[in-house]
Amino acid sequence: MKHGIACCLLVAGLAGCAATEREQRAGTGALVGAGVGALAGQAIGRDTRSTVIGAGTGALLGAVVGTASAPPDARYCRYQRADGSIYTARC
């Protein structure tokens, strides 16, 4: 269980350091996926090994989905409007 918590904290820390939107989405997806995977692993296997396997699998799948959901062109930038909302447009 300590390893699972350490992995989640590591992923959360690295997600904050991501520079591009693709990296941010991958980090967020990995974090959410690890949490959901850990819960599913615990529910299915009811032991620490299943929880850790679920967290790892969920983190991997979450990162893949997060990366795939990013805009396809790397020449997009994020801008902030005066009201605080954020939008994506060509740089």
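In the hairpin formed by β1 and β2, G84 adopts a positive phi near 100°, and five residues lie between the strands. The model is predicted. Its protein chain contains three helices and two strands, arranged along the sequence as α-α-α-β-β.

**Hairpin**
- Strand β1 covers residues 76–80 and strand β2 covers residues 86–90; the two pair in the antiparallel sense through five bridges.
- Within this pairing, R78 is placed opposite T88 of β2.

**Helix pair α2 and α3**
- Helix α2 spans residues 21–45 and helix α3 spans residues 48–68; their axes lie 5 Å apart and make an angle of about 150°.
- Angles over 145 degrees count as roughly antiparallel, and α2 and α3 are therefore roughly antiparallel to each other.
- The crossing of α2 past α3 is right-handed.
- On the α2 side, the contact is made by R22, R25, A26, G29, A30, G33, A34, G37, A38, G41, Q42 and G45.
- On the α3 side, the residues met are S50, T51, G54, A55, G58, A59, G62, A63, G66 and T67.
- Sorted by class, this contact of α2 with α3 comprises seven nonpolar, 13 polar and two charged residues, with Gly counted among the polar ones.

**Chain as a whole**
- The protein chain has 91 residues, of which 23% count as buried.
- Among contacts in the protein chain with a separation of 6 or more, 40% come from residues 24 or more positions apart.

Methods:
Residues are numbered from 1 along each chain as its sequence is written. This is a predicted model: local features need pLDDT of at least 70, side-chain atom pairs count only at pLDDT 80 or more; totals for chains, interfaces and linings use all residues. Side-chain values use heavy atoms; hydrogens and water are left out. Axes are lines fitted to C-alpha atoms, for helices over the stretch in contact, and angles run from 0 to 180 degrees between N-to-C directions. Helices (H or I, at least four residues) and strands (E, at least two) are DSSP runs, numbered from the N terminus. Angles under 35 degrees count as roughly parallel, over 145 as roughly antiparallel, 65 to 115 as roughly perpendicular and the rest as oblique. A crossing is left-handed if the near helix is turned anticlockwise from the far one by less than a right angle, and right-handed if clockwise. Contact means heavy atoms within 4.5 Å. Two strands pair if DSSP finds at least two bridges between them. Buried means under 20% relative accessible area, exposed over 50%, partly exposed in between (1.4 Å probe, protein chains only).
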